[in-house]
Amino acid sequence: MILSRVARGAAGVAVLLVAAEVAGRTGLLDTQIMPLASTVLAGAAGLAADSEFLHDVSATVEVWAEGLLLATLLAVPAGVLLGSLPRAETALRPVIEFLRPIPSVALIPLVALIAAADGTMKVTVIVYAACWPVLVNTMYGLHDVDPVAKDTMRVFGFGRLAVLLRVTLPSAAPFVLTGVRLAASVALVVAISAELLAGGEGGIGVYIVRAGSGYRIDLMLAATVWAGLIGLVVNALLVRAERGLFRWHAARAGVTQ
Amino acid sequence: MRLTGRTTVIGVIAALTLTACGGADTDTTATGNNGLEKTTLKVGILPIADVAALYIATERGFFKAEGLTVKPEIVASTQVAIPKLVSGSVDITLGNYFSVLSAQEAKMANFRVLADTFQAKPDVFDIVVKKDSPIQSVKDLKGKKISVASFNSIGTLAVDSTLRANGLSTKDVTYVPAAFPDAPGKLASGQTDAAWLTEPFLTGVQKDMGARKIADTMTGAMADFPIAGWTTTEPTLSKYPKTMAAFQRAIVKAQQIADSDRKAVEKVLPTYTKITPDAASIITLGAYPSTLNATRIQRVADLMLEYGYLKAKMDVNPLLVPMPQ
């Protein structure tokens, strides 16, 4: 079943690539402006052997991971707290809904003014963007806990902490992981955007800036392909983790494999 | 509660990064470094020809001879370069004079120029149109769209000046902001009628799409116009005077080489940009001045005032740091 899904996905990608290639070869797209799909893919493959680019990839992955980790460490406890204190949640909801849509990329110049190092600036904007999906999903997860299960625990004389640890958290965990998965993509987008806008010593975005300044649109697109692939891999890994860890939840929610 | 949360994040991240940096900058207090206050300088750059001398200085050991390690860091735009300079994220940055003087007037910081970096020469900043465009001269630009790197920049100043020299004014055209790599696409697809470009894009579009030059913008009032200088802030300069002097001595030596030996520039260009060696050998380069001349830099402030980019007359003298003896 998984194989056929992969095959179908690959077919979709192939159709798109062939269409782009044909458009370029027939002159529908000006290849000086938009290089052929095959040129871009060859460039992307070539980057795998480019040590400078691999250094850029590791720089991006580093700020991405650091940002995602900090966002998770911050947003999960905050979400648990708010999810279990309905009155606090009601009070803070407007603040959260106000802050959440602010594009963190717009905060870059401001954060750059305060942050004493480039990495700090990037991690800060990543944390800002990535903490919302985790926070909101954690809160929803806490709301979704089966009240009968909680009441049963209480009837048997378990305290609040025991209920939290044995029922609430396990029950909310799939939601948290979904939040982390969404945040992982957001964090990658923000990491590369921050590199594109602010630069830095290295990063996929920095590579794109360098390629752009040299008028190498093929290399800009090749690096972009890598950004997409990294996003795809990270998402696939987290989806697998969700399915593996929370099989019971997927079954209950009727999610097919 | 969210707010305290945010403050904590920044605190935590700052602490983490500071520890990380503490590991990297090992030799900031090393001995035998000519009494330099610090030996590692973070320098903001763009991957363009302007900064070639920095790489020549590194390649030929000029910084090393002064006891300096220079770490270049790309600062993709002035909107970020200046905040990074103010926060101390970089010690020195490539600062285009237009932006530095604007930021100085806006009191974002007290800027100091350590050395001149790049100066215009003929055909370094041209306006081009498509091969089959009906536009033949600047006069035909009336009512047309021109892409410039950004609003309120050296680009709009240069095009303003060219328009005025041809009896038009800024009001006669529409500026479309487009980063240099995006501008050729916009021109080809007809989203713009003309593009203000520099190298390597100028040579690129002329070769690839047969684009046609209609004007060199660095003529008349803007002939040999100063473009950018190595810029720091007054607090950084007074904190590290000897380090900055060492940087000045090293970079000026390299500026002289860049200006007199084109091959030296061609050699380093492909190492820090994606300009191919072939392209590097044919693109038009500007000048790499080795003196910081107040009269020359004053021209930038005066022209910016004339075109309304500065509100008041600005004396650039206090901004220029003399060469150490």
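This report covers chain B, its contact with chain A, and the salt bridges of the structure.

**Chain B overall**

The model is predicted. Chain B has 13 helices and ten strands. It holds 325 residues, of which 55% count as buried. Many contacts reach across the sequence: among those between residues at least 6 apart, 77% join residues at least 24 apart. Chain B exposes about 13300 Å². Carbon and sulfur atoms supply 56% of that area.

UniProt, in an unreviewed entry, places the feature "domain: SsuA/THI5-like" at residues 50–258 of chain B. That span is 39% helix and 24% strand. Its end C-alpha atoms lie 10 Å apart.

**An enclosed helix**

Helix H5 of chain B covers residues 97–105. Seven of its nine residues are buried, so the helix is largely enclosed by the rest of the structure. The buried residues are Tyr97(B), Phe98(B), Ser99(B), Val100(B), Leu101(B), Ala103(B) and Gln104(B). What covers them? The cover includes helices H4 (78–87), H6 (154–165) and H13 (294–306) of chain B. It also includes strands S3 (92–96), S4 (111–119) and S10 (226–233) of chain B. After H5(B) comes Lys107(B), with a positive phi near 60°.

**Chain A and the interface**

For chain A, UniProt places "domain: ABC transmembrane type-1" at residues 57–238, again from an unreviewed entry. This span is 85% helix and 0% strand. Its end C-alpha atoms are 20 Å apart.

The interface joins 43 residues of chain B to 50 residues of chain A. The size of an interface is often given as the accessible area lost when the parts come together. Here the buried area is about 3600 Å², and carbon and sulfur atoms give 70% of it.

Both chains also contribute to a nonpolar surface patch, made of Leu110(A), Leu113(A), Ile114(A), Val86(B) and Met108(B). Together these residues have about 450 Å² of accessible area. Helix H5 of chain A (residues 108–114) gives the largest share, three residues. Val86(B) sits in helix H4 of chain B. Val86(B) is partly exposed, at 33% relative accessible area.

**Salt bridges**

Over all chains there are 23 salt bridges. Two of them are between chain B and chain A. Three pairs are set out below.

| Pair | Closest N to O distance |
|---|---|
| Arg25(A) and Glu21(A) | 2.9 Å |
| Glu89(A) and Arg93(A) | 3.1 Å |
| Asp118(A) and Lys84(B) | 2.4 Å |

Arg25(A) and Glu21(A) are four residues apart in helix H1 of chain A (residues 2–25), so about one helical turn separates them. Are these two partners buried or exposed? Arg25(A) is exposed, with a relative accessible area of 60%. Glu21(A) counts as buried because its 15% relative accessibility is under the 20% cut-off.

Glu89(A) and Arg93(A) are also four residues apart, about one turn, in helix H4 of chain A (residues 86–99). Both residues are buried.

Asp118(A) lies in helix H6 of chain A (residues 118–143) and Lys84(B) in helix H4 of chain B, so this pair joins two chains. Asp118(A) is buried, at 9% relative accessibility. Lys84(B) is buried too, with a relative accessible area of 1%.

Shared partners also build a network: salt bridges link Glu52(A), Asp56(A), Arg210(A) and Lys274(B).

Note on methods:
Residues numbered from 1 in each chain as written. Chains lettered and ligands numbered in written order. Predicted model: local features only at pLDDT ≥ 70, side-chain atom pairs only at ≥ 80, totals over all residues. Heavy atoms only, no water. Buried < 20%, exposed > 50% of the residue type's maximum accessible area, 1.4 Å probe, protein only. Contact = heavy atoms within 4.5 Å. Areas by Shrake-Rupley, 256 points an atom, 1.4 Å probe, with all protein chains shown as cover. UniProt positions renumbered as here; feature names shortened; annotations may be inferred. Patch = residues over 30% accessible without salt bridge, like charges linked within 9 Å, V, L, I, M, F, W, Y side chains within 5 Å. Salt bridge = Lys/Arg side-chain N within 4 Å of Asp/Glu carboxyl O. Buried area = accessible area lost by both parts, 1.4 Å probe.
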